[in-house]
Amino acid sequence: YISDNVVNNYANYLKEKNTLYYTSDNNAPPFSFQDKYSGLYKGFILDYVSALSIELNTEIEFVPRVWEDAIQSVISGDADMIELYPSEDRKTNMEFTESIYDLRAIIMTRNNQQEIRHVMDLKGLKVAIEAGDYANEYIKNIIPDIEIINTTDYLEAVNKLLSNEVDAIIGDEPILIYFTNNLSIEEQVNILEEPLYEMDICIGVNKAEAKLVSIVNKAILDLK
């Protein structure tokens with residue numbers, strides 16, 4: 001039960017904000033990506049943001065950015081919200097809501113690399129990871145002597161794998177599978193059976209806007 005006082009408090013906060021700015025990856029299908037025909041952004045995250053906007057009775061503007069810039073924009077206060085893993089590093093700059101969905105990270109290699117069967121086999125190899133992705137933080141803790149090649153987005157990582165510039169990619173399963181199907185490269189790549197990790201995705205907000213977490217949590221629970 002939420003008291004009338006708190007509800008009024010939430011309403012005043014949102015009224016003062018007027019518009020909330022939600023940022024996310026500009027090239028991460030099926031979550032958020034630009035439709036090549038209409039030029040409009042679409043995907044699961046945009047559908048979710050629309051539903052949040054209705055629940056909160058507040059306009060939410062979607063601002064697509066390169067992933068690393070998207071994270072920084074919430075830290076700097078240019079954007080209000082972003083969906084991501086609530087990692088220890090990120091908790092220094094952000095507060096997090098309840099989970100909105102869970103997500104697995106996987107390892108993708110070329111089909112001719114049968115010697116890579118497990119995460120530890122990546123020792124000493126070149127691995128492409130999107131800049132700003134949680135996988136950077138995760139993998140450094142497990143395998144210090146891995147050469148991480150940061151890419152602007154997932155598509156660049158896939159192209160580096162196909163052109164033999166890296167030995168593997170680490171990234172979110174739905175995005176890598178989307179590009180595999182979209183580029184018709186199923187015969188050229190291999191996905192390791194064991195996922196690297198599976199974690200909850202939450203909405204992160206700037207630490208100074210902690211009140212927004214309570215407000216968005218209420219909407220998340222109402223949408224479940």
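This passage describes charge pairing, a buried aspartate, unusual backbone geometry and the surroundings of one helix in a predicted model.

Nine salt bridges are present in the structure. Side chains of opposite charge can pair when their charged atoms come close. One of these bridges links Asp35 and Lys42, with 2.9 Å between the closest N and O atoms. The two partners fall into separate accessibility classes: Asp35 is buried, at 15% relative accessibility, whereas Lys42, at 37%, is partly exposed.

A further salt bridge is formed by the side chains of Glu95 and Lys207, at an N to O distance of 3.1 Å. Glu95 belongs to strand β7 (residues 94-110), while Lys207 occupies the loop between β12 (197-206) and α7 (210-223), so the bridge ties together parts that lie 112 residues apart in sequence. Glu95 is partly exposed, with a relative accessibility of 30%, and Lys207 is likewise partly exposed, with a value of 37%.

Lys160 and Glu165 also meet through their side chains in a salt bridge, the N to O distance being 3.1 Å. Here the lysine is the buried partner, Lys160 having a relative accessible area of 16%, and Glu165 is partly exposed at 42%. In addition, Lys17, Asp80 and Glu209 are joined into one network by salt bridges that share partners.

Asp133 presents a contrasting case. This residue is located in the loop between β8 (126-130) and α4 (134-142). Asp133 is buried but has no salt bridge, and the nearest side chain of opposite charge, that of Arg90, is 5.7 Å away. A salt bridge requires a side-chain nitrogen of Lys or Arg within 4 Å of a carboxyl oxygen of Asp or Glu, and therefore a separation of 5.7 Å between Asp133 and Arg90 does not qualify. When residues up to four places away in sequence are left aside, Asp133 is in contact with Trp67, Arg90, Tyr154, Asp172 and Tyr197. Arg90 is thus both one of the contacts of Asp133 and its nearest oppositely charged side chain.

Several features of the backbone were also identified. The peptide bond leading from Pro29 to Pro30 is cis, with omega near 5 degrees. Pro30 lies in the loop between β2 (27-28) and β3 (32-34). Positive phi values occur at Asn18 and Ser184, neither of which is glycine. For Asn18, phi is near 70 degrees. Asn18 sits in the loop between α1 (4-17) and β1 (19-25) and is exposed, with a relative accessible area of 55%. For Ser184, phi is near 50 degrees. Ser184 is placed in the loop between α6 (173-182) and β11 (189-191), and at 53% relative accessibility this serine is exposed.

The positive phi of Ser184 thus comes just after helix α6. Within α6, the buried residues are Glu173, Ile175, Leu176, Phe179 and Thr180. An α-helix has 3.6 residues a turn, so residues three or four places apart point the same way. The cover over the buried residues of α6 includes both strands and a helix: among the covering elements are β2, β7, α5 (154-162), β10 (168-172) and β11. Of these elements, β7 also carries Glu95, the partner of Lys207 in the salt bridge described above. Strand β2 borders the loop that holds Pro30, and β11 follows the loop that holds Ser184.

Definitions and conventions
Residues numbered from 1 in each chain as written. Predicted model: local features only at pLDDT ≥ 70, side-chain atom pairs only at ≥ 80, totals over all residues. Heavy atoms only, no water. Buried < 20%, exposed > 50% of the residue type's maximum accessible area, 1.4 Å probe, protein only. Helix = DSSP H or I, 4+ residues; strand = E, 2+ residues; numbered from the N terminus. Lys, Arg positive; Asp, Glu negative; His and termini not counted. Contact = heavy atoms within 4.5 Å.
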